[in-house]
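Visitor: I should like to understand the reasoning behind the terms used for this structure. May we take them one at a time?

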Amino acid sequence: MSDAKRVSLDGLWYFVIDPENIGKSRGWSERGIGEAGGVIEVKVPGCWDSVRPGYDRVAWYEREFKVEESWKGKVVRLKFGAANYFSEVWVNGRFVGSHEGGYTPFEFDISDDVQFGRPNRLVVRILHPPKGKRLENFQLEECPCSKETWYYTFGGIWQSVELLVVNKVWVKDCFVMPQLEDDSATARIEIWNSSGNEIMCEAEFLVSPKKAPEKIVGSKQRKLRLQPGANPIKVKIKIDEVALWSPHNPNLYLWRTLLKDDKEVWERYNVTFGMRSFTVHDSHFYLNGERIILKGILQQPLYPRTLTHPLNREMAEREIQLAKKANFNLMRLHIKPAPPITLELADELGIMLYEEPPMGWIEDSEFLEARCKSEVRELIERDRNHPSVVMWGIFNERGSWDSEAIRERKLKPKLCELARQLDPTRVIVDDSGGIYPAWLIRGTNIYPPGSYNPILYNDVHSYLTPTNEQVYDHFLKLGKPDDLVFVSEFGAGGIEDLPTVVSNFDEENDQNLQDYKHLQEMLGSLEANFKKYNLSQAFEDVSGLCKATQKIQAVNNKLQVEAMRANPNLDGYCCTHLADASFENTLGMLDYWRNPKKTMEAFEQVNQPFQVILRIQPRNSYLEKGCTLTVAIVNDEDSKGECRYEIRIESPDEKIVFGRKGAIVVDRGISYLLTEKIHLKGIGGNYKAAAIVKKGGNILAKNSFEFVAMSEPQVRLPQEILLVDPEDSLRPWLDKKEIKYREFNKFQDRAGQVVISSVKDYLSYLGIYDTLLDVQRAVAKGSVAMYLGSPSTHLAPPFLLDKEKGWGTYIFSVFHYIKKHPIFKGLPSDCILGQEYCNICATETLGQDGVSALKGEILAGCFWYSTRTQKKFGWGADLAVIPYGKGKVVLSELHLVENLGKDPVAEKILLNLMEFTSG
């Protein structure tokens, strides 16, 4: 940064919207916007949505500024920190330039356009493209707009504006590249000579610690012959007693460039940088020559009220401090250049950054390549001196979307080549998530520093809940020993305390803001359905419901990270998100106002460098069959030497039923303490496994894990059941339990209990179609029919209900609940489903409105929030009882049949169901 004279133009500007796009034709650029109707004052910096929420078209800004007479003969530059999206600028009626792009700085030399010693008029026209419509050459979907097509749109001058006044010889750019191999730094410097003549000057280059600028640790002097225009030079300086930058020790340096003659200093230009290296080789990441496991949190740069930037420095600092408190060492700045304050604080506080341009899911147009190249260039040129930035990401999930234009134009390698030219020092990722799903088809390339040759690696996006055995094993077994594997997106959801979040807004002043209205609609949807589906018997209020979902989020995230940390093939992970954001709400570790959710505590523990991990298999055990306990120690740092450990399992009545003590020498990496089969002799219920590791009197790590152990449930039904089981999935279990049954037939002469097993094959459904119609008639006469896997949508009424299923619904957050009822006797109820139910959670659900229309009672249900629902929650029924004629029907989407003999909770619920329906 130059020590040029700086004059801030922040403050109140005149502003008017131009929805008909008539300003140019009416001469506003030359005469100003005073003649326009509806001119108001607005604050700059700030997006115009604070006064015109959701407005997308053209608007104009105007203000006056004064240029001192003493500035004659100097270079006067007008700099914008960022303005969204297409900006055109006039000074005193003269057009000085334009800029396309919403997130990076731009500037103009206005030396010949200003009037010295007199007021000057600055007029700015900004076009923000609308969705689905073309305005001039712009349509939002074809622009690098981050997630504005998905989140909130915004326009205007949202970062600072200033005048820079420099001498005729000045530094335009200085990029400092650390070289740890010889304790030096090399700067690529671009010096501008605006005099029009060749000039000789003396240059002095100084390096000093940022905290002690008076201490010179490296220097060099050169005489320079400067031609008119740009003069690129390279300077290498040896640095004494190098202090490396890392998250633990964020040491910073100043590189100072002084340009002068024998009489005066013409220019002083300062750059902050850090001495650090970050690379990838031998299928691992390395920071300063040491292997590092990346523990990342994904940040969507979206903020309350302002939308675009933190409300203040305190908020920006708070989110980074909380990320560090949760033991994250990396933030992935997702699909949008972060506000400069975030970069500065990351350098100072010590957290690595993986930064991305705003191309997102940009659609094809004739401008595609030029726009993408511009965004990559401007992002890297803005942020490449920040030591916190260790990786550039180019695209995200383009292999999984409609991306023919990206492939056909070979944009990925072109953009990676451009990034490499601009910055030889950093890792580059071409397409996070690659070809979806990344764990099946590896479609991501990574470029080590200095290399133009990509390495294929496994960059995984994986949103899976609940964390049952299959999900745990998925994360535990990802990759191969020779793979570089990075789970760059995963995470479970938990609803922020919406009543509190909404109350933090100023209802009178914020009522029209996009984010306030959206969150208010979310809260209204939750409150209405909380009342409609009578959830007050399970949760005190809506806040209580939100907090219950946060507990489930914490458990799921903890278990998934534990599985990844115990995976020797995994080189890092990045959880989605740091804070809740727009239509990707609920996934945050923090709420919208940057207040921690319950999952924050889980990350504080599970991300610790030294961690003990417990696993019980199966998660829900039979007392008679026992379970297997596995205990591992994960150490990401230097060896801790010999440690003492203690492991125990407590029964529901707090008796110790298993215990182990011993010593282990812990090296860096993963060490297994034991894998042991355990036979539990005690009462059924929730057991607790716990482990603690000490060195001397200090606790290095501790952890605990609750699991269910139950005796095989027995039941004696008062009557035999009538069975429909075309795939023989239920019959063997009924035989083993000695439950009397006979095949259902339409000639029965009395009402009965009919059990219809779930089927997987569509043809099996067709084969029993007539039988199900006979069941319907039997129910009308008084029978009770229990569908274990409700009828498919091709079946006839009255049991035909819409189903919800799939990625688009569940990727962000789905929460299952159960009410207190005899069907759940002996199990937790009136709650959000926890780990006890992880194997039987529904993956399809019935529309609750359809169940209610049939006057059914919902005993287990779910609700979800995603990009499909956007401003409201979707609601479903997992288990419902519906009256029909003289009988009733039980429709269940719970995964009971496939877990019989494997999970005592599944057996318990099915036997309770049979007992209930036989009464």
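Visitor: What does Leu322 touch, leaving aside residues up to four places away in sequence?

Guide: In this predicted model, Leu322 touches Met589, Leu590, Arg594, Pro596 and Met600. Leu322 itself lies in helix α2, residues 313-325. Between the C-alpha atoms of Leu322 and Asn595 there are 9.1 Å, although 273 residues separate the two in sequence.

Visitor: Why is Leu322 called buried?

Guide: The relative accessible area of Leu322 is 10%. Buried means under 20%, so Leu322 is classed as buried.

Visitor: Why is Leu763 called exposed?

Guide: Leu763 has 59% relative accessibility, and exposed means over 50%. Leu763 therefore counts as exposed. Leu763 belongs to helix α14, residues 762-767. Together with Tyr762 and Leu766, Leu763 forms a nonpolar surface patch of about 320 Å² accessible area.

Visitor: How do you know that Asp430 has no salt bridge?

Guide: The nearest side chain of opposite charge, that of Lys412, is 5.1 Å from Asp430. A salt bridge requires the nitrogen and the carboxyl oxygen to be within 4 Å, so the pair does not qualify. Asp430 is nevertheless buried; its place is in strand β27, residues 427-432.

Visitor: What does the side chain of Asp430 reach at 2.8 Å?

Guide: The side chain of Asp430 reaches the backbone nitrogen of Asn445. The limit for a polar contact is 3.5 Å, so the distance of 2.8 Å falls within that limit. Residues touched by Asp430 include Ile394, Phe395, Cys416 and Tyr447.

Terms used. Residues numbered from 1 in each chain as written. Predicted model: local features only at pLDDT ≥ 70, side-chain atom pairs only at ≥ 80, totals over all residues. Heavy atoms only, no water. Patch = residues over 30% accessible without salt bridge, like charges linked within 9 Å, V, L, I, M, F, W, Y side chains within 5 Å. Areas by Shrake-Rupley, 256 points an atom, 1.4 Å probe, with all protein chains shown as cover. Helix = DSSP H or I, 4+ residues; strand = E, 2+ residues; numbered from the N terminus. Buried < 20%, exposed > 50% of the residue type's maximum accessible area, 1.4 Å probe, protein only. Lys, Arg positive; Asp, Glu negative; His and termini not counted. Polar contact = N/O pair within 3.5 Å; in protein donor to acceptor, adjacent residues only side chain to side chain. Contact = heavy atoms within 4.5 Å.
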